[in-house]
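Student: Hey, could you walk me through this one? I'd like to go piece by piece.
Tutor: Happy to, ask away!

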Amino acid sequence: MDITFDRKNVNTCLQQKFVLPTYKRDYKWEAKHLQELLTDIQEAFLSSWKPTHGRRDVLGYDAYFLGTIITTQVGQGGKAIVDGQQRITTLILLLTYIHRFSRKHPDLGISPVDQSIRRRVAGQSEFNLDMDKPRRDLFDALLDGPDDDDLVARIESISSRDSGTDSLWALYQEIESSLFSEITDANLLPHLFDYLTECVCMFEIGVPREQDGHKVFVTMNDRGLKLSPIDLLKGFLLSSISSNQQNQAAHASWTICIQRLRQLGSDEDSNRPLKYLSTPTLA
């Protein structure tokens with residue numbers, strides 16, 4: 001298996017076109033995962049910060065390692081995320097907060113993060129992470145929409161919001177309260193944002209095919225949200241299918257099976273014997 005391995009900071013990593021492949025989990029991070037991430041990043045920043053430092057000094061701070069993501073090349077220059085959707089989506093949410101904060105405080109000279117969220121490609125504006133319409137509407141509202149109550153009304157008017165979109169909106173509202181007072185009171189947010197974009201790093205593992213990514217995926221732990229046995233089983237089963245067409249069919253069959261189990265109860269997908277997954281076939 002031909003595997004590539006590349007270290008990238010947040011700014012560089014997110015300036016790529018990401019799509020979600022047949023194998024993916026819904027957005028599941030909760031407030032505790034966001035708070036843990038922000039706590040770790042802020043503590044790493046403060047461990048290097050000195051009152052004599054300017055913003056250029058921040059670029060030389062020790063890197064904070066956020067973990068690995070697994071991708072595979074797909075058409076039109078895009079990369080399918082085999083593992084890392086939670087982190088990539090959460091980072092885009094944080095950059096969206098930074099973008100909105102900079103609009104409110106233009107005097108702070110916060111470095112622009114637009115290109116890491118969305119870009120103009122072939123004459124059209126598109127998000128760097130492929131999203132369905134409700135999620136695009138949410139990020140459009142956060143990036144370009146009005147303030148305060150008008151923003152809430154606009155987001156609540158988004159039709160067909162799924163649970164993942166609602167979770168992202170809830171987490172966005174947690175960001176400000178998760179910032180350390182010793183950073184906000186000392187007007188260090190521009191410095192912290194520089195640290196987040198330039199010194200927070202991930203390792204990107206590139207694999208030739210999505211199926212190869214599943215093989216790597218089942219040997220690794222996801223940061224922040226531990227994989228359930230059902231996630232690991234799915235990765236194991238899909239890793240044995242060599243055809244992309246069969247892989248997509250298997251994913252569809254898997255989804256039907258899980259939906260049937262969840263109709264029996266919220267935890268049935270984890271608690272029921274695996275015989276319930278026997279039909280329709282995953283082969």
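Student: Let's start with helix H2. Which residues are exposed on its other side, away from the buried ones?
Tutor: Those are Lys32 and Ser47. Keep in mind that this is a predicted model.

Student: And which residues of H2 are buried?
Tutor: The buried ones are His33, Leu34, Leu37, Leu38, Ile41, Gln42, Ala44, Phe45 and Ser48. Looking down the axis of H2, they fall within an arc of 160°, so they line one face of the helix.

Student: Why would residues spread along a helix point the same way?
Tutor: An α-helix has 3.6 residues a turn, so residues three or four places apart point the same way.

Student: Nice. What span should H2 have, and what does the model give?
Tutor: H2 covers residues 31-48, which is 18 residues, and at 1.5 Å a residue it should span 26 Å. The C-alpha atoms at its ends are 26 Å apart, which agrees.

Student: Back to Phe45 for a second. What does it touch?
Tutor: Leaving out residues up to four places away in sequence, Phe45 touches Val58, Tyr61, Ile183, Leu188, His191, Leu192 and Tyr195. Phe45 also belongs to the largest nonpolar core, which has 58 residues. Within that core, Phe45, Ile88 and Tyr195 touch the most other members.

Student: Which helix gives the most to that core?
Tutor: Helix H4, residues 85-104, with 9 residues.

Student: New topic: the open sheet. What order do its strands come in?
Tutor: The 5 strands run in the order E1-E7-E3-E4-E2, with mixed pairing. Strand E1 (4-9) and strand E2 (18-19) are the edge strands, so to speak: each pairs on one side only.

Student: How does E7 pair with E1, parallel or antiparallel?
Tutor: Antiparallel, over 6 bridges, with E7 being residues 200-207. For instance, Phe5 has Ile205 in E7 as its bridge partner, and Asp6 stands opposite Glu204 in E7.

Student: What about E7 and E3, parallel or antiparallel?
Tutor: That pair is parallel, over 7 bridges. Here Ile69 has Glu204 of E7 as its bridge partner.

Student: Is E7 buried or exposed, mostly?
Tutor: Buried: 7 of its 8 residues are, so E7 is largely enclosed by the rest of the structure. Helix H9 (residues 189-199) lies across E1, E3 and E7, and runs at about 20° to E7.

Student: What comes before E1?
Tutor: A segment that includes Ile3. Ile3 counts as partly exposed because its relative accessibility is 42%. Ile3 and Thr72 are 69 residues apart in sequence, while their C-alpha atoms are 9.7 Å apart in space.

Student: I also see E5 and E6. What do they form together?
Tutor: They make a hairpin with 2 residues between them, and Ala122 in the turn has a positive phi of about 55°. E5 (residues 118-121) and E6 (residues 124-127) pair in the antiparallel sense over 4 bridges. Arg118 stands opposite Phe127 of E6.

Student: Last one: how many helices and strands does the chain have?
Tutor: It has 13 helices and 7 strands. Of the 283 residues in the chain, 48% are buried. Among contacts with a separation of 6 or more, 75% come from residues 24 or more positions apart.

Notes. Residues numbered from 1 in each chain as written. Predicted model: local features only at pLDDT ≥ 70, side-chain atom pairs only at ≥ 80, totals over all residues. Heavy atoms only, no water. Expected span 1.5 Å × (residues − 1). Buried < 20%, exposed > 50% of the residue type's maximum accessible area, 1.4 Å probe, protein only. Arc of directions from axis to C-beta. Core = buried A, V, L, I, M, F, W, Y, C linked by side-chain atoms within 4.5 Å. Contact = heavy atoms within 4.5 Å. Pairing = 2+ DSSP bridges. Axes fitted to C-alpha atoms, helices over the stretch in contact; angles between N-to-C directions.
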